[in-house]
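Subject: Structure for you to look at

Hi,

Here is the structure I said I would pass on. Have it open while you read, and I'll go through what turned up.

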Amino acid sequence: MEVPIVEDSSTFQESPESLQLIEAAKQLDLAKVQEMVNQGAVTAALDVDSGKNALHFVASSANAETEKKAVELAKWMLANGGTWNGIDRSGETPGCIARRKNLNELYETIVDAGVRCELLLSLIERKDRVNERLDTNEKYLQSTLSYTQPTEDSTSLLDSDANAVMMSWEKKIMQRSAEIIAPKPGCRVLNVGFGLGIIDSFLQERQPSMHVIIEPHPHVLAFMRKTGWMDRPNVVVYETTWENAIQDIASKYVFDGIYYDAFAESYEDLRNFFDSVVGILDPDTDSKFSFFNGLGADNQTFYDVYKKLVPIDLASFGFNCTYEVMPTSSTENEWEGAKRRYWNVVDYFLPIITFDL
C-alpha cells in the first residue's frame with residue numbers, strides 16, 4: 001500500500017525572522033521562538049542547505065538533560081504549524097532524530113502529533129483524494145508486471161517502473177498471518193491481492209472449506225492460471241478489484257478470516273475496506289481480520305504514526321486491534337532490481353483485528 005504522508009516544507013523560504021526562529025529552536029528557546037512567530041516567522045521554517053525544519057533542530061539540539069525543555073517547545077511548535085513529517089537531505093524526520101538519540105518522550109510527542117494531523121487530514125481531504133487514488137490504481141492495473149528471482153531462494157514481483165509489489169522475504173509474515181486468520185481446518189477465508197501467492201499457499205495448507213481470492217491485475221491472473229489456482233476445487237477467484245467484487249461477495253459469503261494486501265492502494269482505500277469487513281466477517285465465530293502492515297514502512301516515524309492511527313480508525317467500525325511483533329530480515333541482494341524499497345523498519349507489527357464485542 002502506498003501512503004502519501006510527507007508534506008513538502010520546501011515552500012517555506014528563508015527570511016530574517018525564520019533564520020532567527022531556527023537559531024532559537026537550536027537553543028530550545030521557546031520564548032524567542034514565540035517572539036519570532038509574532039514577527040512573522042513560521043514554525044515550519046526551513047534551512048535550505050540541510051533541508052531541516054525548525055523541529056529537526058529541536059531534536060538535534062536536545063539531549064537527556066534538556067529533553068523536557070525540548071518536549072515543551074515541540075508541543076508548542078506542533079500546535080502552531082510545525083512540520084512533524086518533513087524529511088531532511090539525510091532522509092530523516094524530526095522523529096527519526098529523536099528516536100536515534102533515544103529521546104523517547106520527544107519521539108512520542110512527535111508521533112502523537114502525526115496521528116492527530118493524519119486524523120484531521122483524513123476528514124478534510126477524504127473526498128479530494130478519490131480521483132488521485134483511482135488514477136494510481138488504474139496506472140498499476142495497466143502496468144507490466146514481472147516475476148524475477150534476484151537470488152536463488154527468493155522471488156520478487158515488480159511493476160513496470162521496477163517498484164517492488166511483493167517479495168519472498170515476507171514469507172514468515174504471511175505464514176503467521178495465515179495461522180491467525182485460519183487457526184484450524186475448515187475455515188472460510190478471503191484474501192484481497194494474490195501477488196506471489198504466498199499467503200494463499202499457506203492458507204491452502206490449512207485446509208479451508210472455502211477460499212475466495214480477489215485479484216485484478218491481468219498478469220497476476222495469468223500467473224494464477226499457469227500455476228493451477230483457477231482449477232482448485234475450493235478456490236473462487238474474482239478477477240476484478242475488491243471495490244467491484246464486494247457487493248457480490250457480501251450477497252454470497254461470510255468469512256472466518258480475511259486478509260488484505262492490495263498494491264497501489266492508499267490508507268484511505270484500506271479504511272474503506274474496513275467498512276466492508278463489517279458485513280462479511282462472521283461475528284458468531286472466533287473470526288479475525290488482518291492486512292499486510294506496510295503503512296509508512298519506508299520510515300520508522302511514519303510507521304509508528306500509522307501503528308497508532310489504525311486502532312483508532314478501526315474502533316469507529318466496531319473492531320479491536322492488537323499487534324503481534326515480528327522481527328524482519330531481508331538482504332540487499334533480495335532488493336536487487338527494485339527501485340522503490342518499501343520496507344525500512346526493523347520490526348513488523350502484525351495486526352490482529354476482531355469484533356469489539
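Asp282 is a good residue to click on to begin with: its relative accessible area is 10%, which makes it buried. One thing before you go on: this is a predicted model. Asp282 makes a salt bridge with Arg188, and the closest N and O atoms of the two are 2.8 Å apart. If you follow the chain, you'll see that the partners sit 94 residues apart, with Arg188 in strand S6 (residues 188-192) and Asp282 in the loop between helix H12 (267-280) and strand S10 (288-291). Arg188 itself is partly exposed, at 22% relative accessible area. The cut-off for buried is under 20%, so Asp282 with its 10% falls on the buried side, while Arg188 with its 22% does not.

How many salt bridges does the structure hold? The count is 17. Another one to look up joins Lys68 and Glu105, with 2.9 Å between the closest N and O atoms. Lys68 belongs to helix H4 (residues 67-78) and Glu105 to helix H6, so this pair ties together parts that are 37 residues apart in sequence. As for how open they are, Lys68 is exposed at 60% relative accessible area, and Glu105 is partly exposed at 33%.

Now zoom out to the whole protein. It is divided into two domains: domain 1 covers 16-125 and domain 2 covers 170-355. Their C-alpha centres are 35 Å apart. In the contact, 17 residues come from domain 1 and 12 residues from domain 2. Together the two domains bury about 1200 Å² between them, and 66% of that is on carbon and sulfur atoms.

What about polar links across this interface? There are six residue pairs in polar contact, and two salt bridges. On the side of domain 1 that touches domain 2, the elements giving two or more residues are helix H5 (94-100) and helix H6 (104-125). Of these, H6 gives the most, with nine residues. Sorted by type, the residues on that side of domain 1 come out as seven nonpolar, six polar and four charged.

Next, find Lys308, because it has more than one partner: Glu108, Asp112 and Lys308 are linked in a network of salt bridges. Lys308 meets Glu108 at 2.7 Å, N to O, and Asp112 at 2.6 Å, again N to O. Lys308 is in helix H13 (residues 300-315) and Asp112 is in helix H6, so to speak a long walk along the chain: 196 residues apart. Both are partly exposed, Lys308 at 31% relative accessibility and Asp112 at 30%.

Helix H3 (residues 54-61) is worth a look too. Is it mostly covered or mostly open? Mostly covered, with six of its eight residues buried. The buried ones are Ala54, Leu55, His56, Phe57, Val58 and Ala59. At the start of H3, you can also find a side-chain oxygen of Asn53 that reaches to within 2.8 Å of the backbone nitrogen of Leu55.

Last, two backbone oddities. Which residues have a positive phi without being a glycine? One is Leu28, with a phi of about 55 degrees. You'll find Leu28 in the loop between helix H1 (16-26) and helix H2 (30-38), and it is buried, at 5% relative accessible area. Another is Gln207, whose phi is near 55 degrees. Gln207 is in the loop between helix H9 (198-205) and strand S7 (210-214). Unlike the buried Leu28, Gln207 is exposed, with a relative accessible area of 53%.

If you'd like a route through the viewer, here is a short one:

- Asp282 and Arg188, the salt bridge with its closest N and O atoms 2.8 Å apart.
- Lys308 with Glu108 and Asp112, the network of salt bridges.
- Helix H3, with Asn53 at its start.
- Leu28, the buried residue, and Gln207, the exposed one.

Have fun with it!

Terms used: Residues are numbered from 1 along each chain as its sequence is written. This is a predicted model: local features need pLDDT of at least 70, side-chain atom pairs count only at pLDDT 80 or more; totals for chains, interfaces and linings use all residues. Side-chain values use heavy atoms; hydrogens and water are left out. Domain bounds come from an automatic or database domain assignment. Contact means heavy atoms within 4.5 Å. Buried area is the accessible area (1.4 Å probe) that two parts lose on being put together, summed over both. A salt bridge is a side-chain nitrogen of Lys or Arg within 4 Å of a carboxyl oxygen of Asp or Glu. A polar contact is a pair of N or O atoms within 3.5 Å; within protein, one must be able to donate a hydrogen and the other to accept it, and residues adjacent in sequence count only if both atoms are side-chain atoms. Helices (H or I, at least four residues) and strands (E, at least two) are DSSP runs, numbered from the N terminus. Ala, Val, Leu, Ile, Met, Phe, Trp, Tyr, Cys and Pro count as nonpolar, Asp, Glu, Lys and Arg as charged, and the others, Gly among them, as polar. Buried means under 20% relative accessible area, exposed over 50%, partly exposed in between (1.4 Å probe, protein chains only).
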